[in-house]
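Student: I should like to work through the structure shown below by question and answer.

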Amino acid sequence: SAQRPCTSPKKAKNKRKGVPDTDKGAIIEFGKMLSESVSAAAICPSLTASLAAQRRCTWRHGVLKKVSTAQQRGNPTTFCAKRTPATLSSPKPMCPTPLVKKSSSKLRATSKAAEAPSSKKILVLGGTGYVGSEVCRIALSRGYSVVSVSRRGLVEGSDQLKGVDWRKGDVVADPAIVAHILSEGGFDGVMHAIGMLLESDANKFASGSGSVPTPGSTYDQVTRQTALAAASAFSAACEGTDASSPPPFVFVSAAEAGWTQDPPVPFLVSYLKAKRAVEDELLNNYGASNKFRPVILRPSLVYSMDRTASLPAVGAFFLGNMLKLPGIDRPVLVETLAKAALKAMEDESVAGVQNFEAMEDLAAAL
């Protein structure tokens with residue numbers, strides 16, 4: 001899930017004057033897909049009457065959110081506890097919930113006392129992307145040594161990312177790049193943040209970083225093949241490490257991978273098939289055999305308040321989740337997602353599927 005970068009009204013007006021025909025076609029294509037997707041979660045007028053029955057409400061990230069009685073009492077957030085072969089067996093196909101329950105209050109109490117790491121080294125696949133660059137930024141602020149590999153390589157103009165070791169390479173075309181980098185040694189974890197929402201140039205309007213896929217790229221190539229090649233390389237690099245404390249491999253999946261119903265739009269079928277294939281392999285192969293500690297993050301829409309063009313859709317998903325519409329998860333701030341990824345790397349008790357509630361708790365504990 002990614003967001004389109006936004007510009008000021010003045011800049012946007014200037015850009016409209018010279019939009020190429022190819023971009024116009026891509027914009028129309030993306031608009032059609034977005035409208036079909038949003039229509040599947042549209043709020044029908046008959047549901048507005050149910051708002052009167054809602055319990056006390058509060059504001060979170062600037063969007064109205066219902067607070068249930070259970071939440072007021074401090075209902076524990078669910079996420080996976082320390083990994084064992086039993087707890088890491090894959091959930092049933094398209095299972096929408098994490099595997100084990102653990103008290104969020106306990107997590108916060110133990111985590112806040114921990115100091116930020118000062119010597120960890122991680123590899124971020126897709127470090128120039130919307131999610132990956134935020135992971136790099138926060139990791140650097142916590143004292144990590146960060147290596148990023150992506151098609152774009154160096155990111156210029158950001159003082160907050162100056163400490164990243166940028167590597168340029170297309171892991172879709174050459175998956176061996178990951179094994180080559182990991183062979184340098186010293187890596188404490190891997191973050192896979194490579195992905196695309198649309199298999200066309202229209203992806204640049206859905207991507208928070210404006211990423212355009214290589215022509216002919218498929219969800220299987222970009223998601224499944226790159227993730228499993230990285231997992232294989234990381235597993236080999238971890239040979240001989242302490243089996244009682246295997247290093248983490250974090251994969252950014254999607255909340256919709258937990259759906260039990262059929263996707264409402266055709267492109268999601270292939271998109272989710274690739275995500276689920278990676279989840280299954282990480283949990284049932286690498287996790288169950290204790291080769292490394294897999295962490296599956298399942299956000300729905302990923303957003304930030306500065307990208308105002310995406311906020312109407314974000315608001316619709318917040319409302320849909322509040323009304324408990326089937327398959328609608330609460331959107332996740334990109335900063336929350338990145339913090340959750342890093343906290344999951346640092347906390348050895350975290351493994352398996354993490355939904356939006358678990359990610360919010362992990363981020364709060366960082």
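The discussion below turns from the chain as a whole to one strand and then to aromatic contacts.

Student: How many helices and strands does the chain have?
Tutor: The model is a predicted one. Of the 366 residues in the chain, 47% are buried. The secondary structure comes to 12 helices and 11 strands.

Student: Among contacts between residues at least 6 apart in sequence, what share joins residues at least 24 apart?
Tutor: The question concerns contacts within the chain between residues at least 6 apart in sequence. Of these, the share that joins residues at least 24 apart is 70%.

Student: Is strand β4 largely enclosed or largely open to its surroundings?
Tutor: Strand β4 covers residues 145-150. A residue counts as buried under 20% relative accessible area. Five of the six residues of β4 are buried, so the strand is largely enclosed by the rest of the structure.

Student: Which residue of β4 is the bridge partner of Leu 123?
Tutor: Strand β3 (residues 121-125) pairs with β4 in the parallel sense over five bridges. Within this pairing, the partner of Leu 123 is Val 147.

Student: What is the handedness of the crossover from β3 to β4?
Tutor: Between β3 and β4 the chain passes through helix α5, residues 130-141. This β-α-β crossover is right-handed.

Student: Which residue in β5 stands opposite Ser 148?
Tutor: β4 also pairs with strand β5 (residues 165-168), in the parallel sense and over four bridges. Opposite Ser 148 in β5 stands Trp 166.

Student: Is the pair of Phe 234 and Phe 292 stacked, tilted or edge-to-face?
Tutor: A search of the whole structure finds six aromatic pairs. In the pair of Phe 234 and Phe 292, the ring centres are 5.7 Å apart and the planes stand at 35°. Planes under 30 degrees apart would count as stacked and over 60 as edge-to-face. The pair is therefore tilted.

Student: How many residues apart in sequence are the parts that this pair ties together?
Tutor: Phe 234 lies in helix α8 (residues 219-237), whereas Phe 292 lies in the loop between α9 (267-287) and β8 (293-297). Both residues are buried. The parts they tie together are 58 residues apart.

Student: What is the geometry of the pair formed by Tyr 303 and Phe 318?
Tutor: Tyr 303 belongs to strand β9 and Phe 318 to helix α10, 15 residues apart. Their ring centres are 6.1 Å apart and their planes are at 85°, so the pair is edge-to-face.

Key
Residues numbered from 1 in each chain as written. Predicted model: local features only at pLDDT ≥ 70, side-chain atom pairs only at ≥ 80, totals over all residues. Heavy atoms only, no water. Phe/Tyr/Trp six-rings, centres within 6.5 Å; stacked < 30°, edge-to-face > 60°. Helix = DSSP H or I, 4+ residues; strand = E, 2+ residues; numbered from the N terminus. Buried < 20%, exposed > 50% of the residue type's maximum accessible area, 1.4 Å probe, protein only. Contact = heavy atoms within 4.5 Å. Pairing = 2+ DSSP bridges. Right-handed = clockwise from strand over helix to strand, strands pointing away.
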